[in-house]
Amino acid sequence: MKVFKHETVLREEAVHGLCIKSDGIYVDCTLGGGGHSQLIAEQLSPSGTLIGLDQDKQALDHAKNKLKEHSCNLHLINTNFRHVREVVNELGYEKVDGLLFDLGVSSPQLDQGERGFSYHQEAPLDMRMNQSQELSAFHVVNEWPEEELSRILFEYGEEKFSRRIAREIVQTRKKAPIRTTLELVDVIKRAIPAPARRKGPHPARRSFQAIRIAVNDELNAFQEALKESVKLLRPEGRISVITFHSLEDRICKQFFKEQSRGCICPPDFPVCTCGRKPELKMITKKPVLPGPEEIERNQRARSAKLRVAEKI
């Protein structure tokens, strides 16, 4: 097994936000390198339970080895976190005390060239977090219609040159399939005007983000998982969510805000007739950000934001 090295972002802050009870039941929905899970497990007694989910079997194998010394009840499941409630119920639990989401791509996925997530390394176009699924970046880039490519580049990557890039991809693949990450980088660079290429982040960053999100259906999965999480939480249970780009953070912020709303009757109604009660209360009014020391130690932490909410 290859070495799985990943520096966990906002480790203490995210776990602290869960207010761990030693006999509680907690779900790490994005097990990854096991950094958050290890800190949770350290605070659990033998009667406590930790459930870890991850699509990546390599991450699961690494976490199993990392967590084996802890005495709590441990369940590590290879699945997408959109199935969190189903998994928890199948394990025999109805409610949990906390759930943690650490979204985005782990360092090993980025650093291993063959995974195809990085625009800096030559690799087959893959980007699958779950490598048993059929859809890969190769299929998206070489088979999806131009209009759909343009849409995902704009919506998921917030790429202002989405139409130009989609057009260039389609024109290029007519001659031969685009098979590798660096071939795709060259196509993207050709589509972006030279002045825009010379400033700001890497010209392929937004497009790679968009294609990765599409391949793994990340935003829909996250929205589904948030809804399932609220149903799973017992009163005073908490959700900690770490996001790494504005789309995920917006989804989280809006969901927490919506779930924190009570009455939605028109303001001129003398009494409430809707009967709506808030499901959550926001613990973090503003997102918690990594400090300068963490950012200096780990540049991938610079865009991280942590939000925490509690079940009422």
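Met 127 lies in the loop between helix 5 and helix 6. In this predicted model, Met 127 has a positive phi of about 65°, although the residue is not a glycine. Its relative accessibility is 0%, so Met 127 counts as buried.

Tyr 119 is placed in the loop between helix 5 (107-111) and helix 6 (137-143). Its relative accessible area is 18%. The cut-off for a buried residue is under 20%, and Tyr 119 is therefore buried. Beyond its neighbours within four places in sequence, Tyr 119 is in contact with Leu 182, Val 185, His 202, Ala 204, Arg 205 and Phe 208. Phe 208 is 89 residues away along the chain, yet the C-alpha atoms of Tyr 119 and Phe 208 are separated by 7.2 Å.

A positive phi is also found at Cys 19, a residue other than glycine, where the value is near 50°. Cys 19 sits in the loop that runs between helix 1 (11-16) and strand 1 (25-28). With 45% relative accessibility, Cys 19 counts as partly exposed.

Strand pairing was examined next. Strand 1 pairs with strand 4 in the parallel sense, over three bridges. Within this pairing, Tyr 26 stands opposite Gly 98 of strand 4. Strand 4 (residues 96-102) also pairs with strand 5, again in the parallel sense, over six bridges. Here Phe 101 stands opposite Val 241 in strand 5. Asp 102 stands opposite Ile 242, likewise in strand 5. Strand 5 is joined to strand 7 (residues 305-311) by six bridges, and these two strands run antiparallel. The bridge partner of Val 241 in strand 7 is Arg 307. Val 241 thus stands opposite Phe 101 of strand 4 and is bridged to Arg 307 of strand 7.

Both strand 4 and strand 5 are mostly covered. In strand 4, seven of seven residues are buried. In strand 5 (residues 233-243), eight of eleven residues are buried. In a regular strand, side chains alternate between the two faces of the sheet.

His 36 is found in helix 2. At 2% relative accessibility, His 36 counts as buried. Its side chain reaches the backbone oxygen of Val 9 at 3.2 Å. Residues up to four places away in sequence aside, His 36 touches Thr 8, Val 9, Leu 10, Arg 11, Ala 14, Val 15, Asp 28, Leu 100, Asp 102 and Ile 242. Two of these contacts, Asp 102 and Ile 242, stand opposite each other in the pairing of strand 4 with strand 5.

Helix 2 (35-42) is also among the elements packed against helix 3. The buried residues of helix 3 (residues 57-67) are Gln 58, Ala 59, Leu 60, His 62, Ala 63 and Leu 67. These buried residues pack against helix 2, strand 2 (49-54) and strand 3 (73-78). An α-helix has 3.6 residues a turn, so residues three or four places apart point the same way. The N-terminal end of helix 3 is capped by Asp 56. A side-chain oxygen of Asp 56 lies 2.9 Å from the backbone nitrogen of Gln 58. Gln 58 is itself one of the buried residues of helix 3.

Phe 154 belongs to helix 7 (residues 146-155). Its relative accessibility is 52%, and Phe 154 therefore counts as exposed; the cut-off for this class is over 50%. Neighbours within four places in sequence aside, Phe 154 is in contact with Glu 159 and Ser 162. Phe 154 and Asp 28 are 126 residues apart in sequence. Their C-alpha atoms are 31 Å apart in space. Asp 28 is among the residues touched by His 36.

Glu 159, a contact of Phe 154, also takes part in a pocket lining. The second largest pocket has a volume of about 240 Å³. It is lined by 13 residues, of which Glu 159, Phe 161, Ala 196, Lys 199 and Arg 206 are the closest to its centre. The lining divides into five nonpolar, two polar and six charged residues.

Key. Residues numbered from 1 in each chain as written. Predicted model: local features only at pLDDT ≥ 70, side-chain atom pairs only at ≥ 80, totals over all residues. Heavy atoms only, no water. Buried < 20%, exposed > 50% of the residue type's maximum accessible area, 1.4 Å probe, protein only. Helix = DSSP H or I, 4+ residues; strand = E, 2+ residues; numbered from the N terminus. Pairing = 2+ DSSP bridges. 1 Å grid on protein atoms, 1.4 Å probe; cavity = no way out; pocket = protein on both sides within 12 Å on 5 of 7 lines; lining within 4 Å. Points joined across faces, edges and corners; volume = space filled by probe spheres on them. Nonpolar A, V, L, I, M, F, W, Y, C, P; charged D, E, K, R; others polar. Contact = heavy atoms within 4.5 Å. Polar contact = N/O pair within 3.5 Å; in protein donor to acceptor, adjacent residues only side chain to side chain.
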